[in-house]
Amino acid sequence: MKMLYIDIWDLLGSYKLVIPVNLIGNMGKGLALQAKEKYLHLENFWKACCISGRAKFGRVIVGEHLILFPVKYHWRDKANLELLESSLKALSKVDSPRAI
């Protein structure tokens with residue numbers, strides 16, 4: 001097996017990147033933090049989605065390059081399998097064959 005090392009952000013344009021997020025609107029670690037640093041408006045947009053109720057489990061937010069994917073309620077929580085499953089069902093309905 002051959003290992004391939006790439007910067008995942010280099011795939012944007014060819015693929016949509018799935019960003020795991022929480023439902024309080026913080027984007028402080030991992031891919032969420034990287035996305036926030038790359039797209040400066042993103043955290044404020046996501047917080048507004050959380051406050052308005054637009055963001056919830058079983059719903060993903062699809063943008064031009066990113067898909068925001070709820071995995072837990074609070075950033076301190078561990079991901080919950082039932083909640084992940086509802087978000088995965090929503091992700092499976094996204095009309096984007098190139099989501100990673």
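1. Pairing of β2 and β3. In this predicted model, strands β2 and β3 run antiparallel to one another and are joined by two bridges. The two strands make a hairpin, with three residues lying between them. Within this pairing, V62 stands opposite I67 of β3, and I61 has L68 of β3 as its bridge partner.

2. Pairing of β1 and β3. Strand β1, residues 17-22, pairs with strand β3, residues 66-72, in the parallel sense, and six bridges are found between them. Two of the bridge partners may be named here. I19 is matched with L68 in β3, and P20 is matched with F69 in β3. L68 is thus a bridge partner of I19 and also of I61.

3. The sheet as a whole. The three strands form an open sheet with the order β1-β3-β2, and its pairing is mixed. β1 and β2 stand at the edges with a single partner strand each, so one side of each has no neighbour in the sheet. As background for reading the strands, side chains in a regular strand alternate between the two faces of the sheet.

4. Burial of the strands. Five of the six residues of β1 are buried, so this strand is largely enclosed by the rest of the structure. β3 is likewise mostly covered, with six of its seven residues buried. For β1, the enclosure goes together with an edge position in the sheet.

5. The largest pocket. The volume of the largest pocket is about 240 Å³. It is lined by 13 residues, of which N22, G28, K29, K72 and W75 are the closest to its centre. β1, α1 (30-38) and β3 are the elements that give two or more residues to this lining. By class, the lining residues of the largest pocket comprise seven nonpolar, four polar and two charged.

6. The second largest pocket. For the second largest pocket the volume is about 180 Å³. Which residues line the second largest pocket? The lining consists of Y39, H41, L42, F45, R54, I61, V62, G63, E64, H65, L66 and L68. At least two lining residues come from each of α2 (42-52), β2 (61-62) and β3. The classes represented are seven nonpolar, three polar and two charged residues. I61, V62 and L68, which belong to this lining, also appear in the strand pairing: I61 is the bridge partner of L68, and V62 stands opposite I67.

7. The aromatic pair. One aromatic pair is found in a search of the whole structure. The pair consists of F57 and Y73 in an edge-to-face arrangement, with 4.8 Å from centre to centre and 80° between the planes. F57 is in the loop between α2 and β2, whereas Y73 is in the loop between β3 and α3 (81-92), so the pair ties together parts that are 16 residues apart in sequence. The two partners may also be described by their accessibility. F57 has a relative accessible area of 14% and is buried, because the cut-off for that class is under 20%. Y73, with a relative accessible area of 47%, is partly exposed.

8. S87 and its contact. S87 has its place in helix α3. Is this residue buried or exposed? S87 has 0% relative accessibility and counts as buried. A polar atom of the S87 side chain lies 2.8 Å from the backbone oxygen of P70. The residue range of β3 is 66-72, and the contact of P70 with S87 therefore links this strand to helix α3.

9. A35 in helix α1. A35 is located in helix α1 and is buried, its relative accessible area being 0%. How far apart are A35 and N80 in space, C-alpha to C-alpha? The distance between A35 and N80 is 22 Å, and the two residues are 45 residues apart in sequence.

How values were computed. Residues numbered from 1 in each chain as written. Predicted model: local features only at pLDDT ≥ 70, side-chain atom pairs only at ≥ 80, totals over all residues. Heavy atoms only, no water. Buried < 20%, exposed > 50% of the residue type's maximum accessible area, 1.4 Å probe, protein only. Helix = DSSP H or I, 4+ residues; strand = E, 2+ residues; numbered from the N terminus. Pairing = 2+ DSSP bridges. 1 Å grid on protein atoms, 1.4 Å probe; cavity = no way out; pocket = protein on both sides within 12 Å on 5 of 7 lines; lining within 4 Å. Points joined across faces, edges and corners; volume = space filled by probe spheres on them. Nonpolar A, V, L, I, M, F, W, Y, C, P; charged D, E, K, R; others polar. Phe/Tyr/Trp six-rings, centres within 6.5 Å; stacked < 30°, edge-to-face > 60°. Polar contact = N/O pair within 3.5 Å; in protein donor to acceptor, adjacent residues only side chain to side chain.
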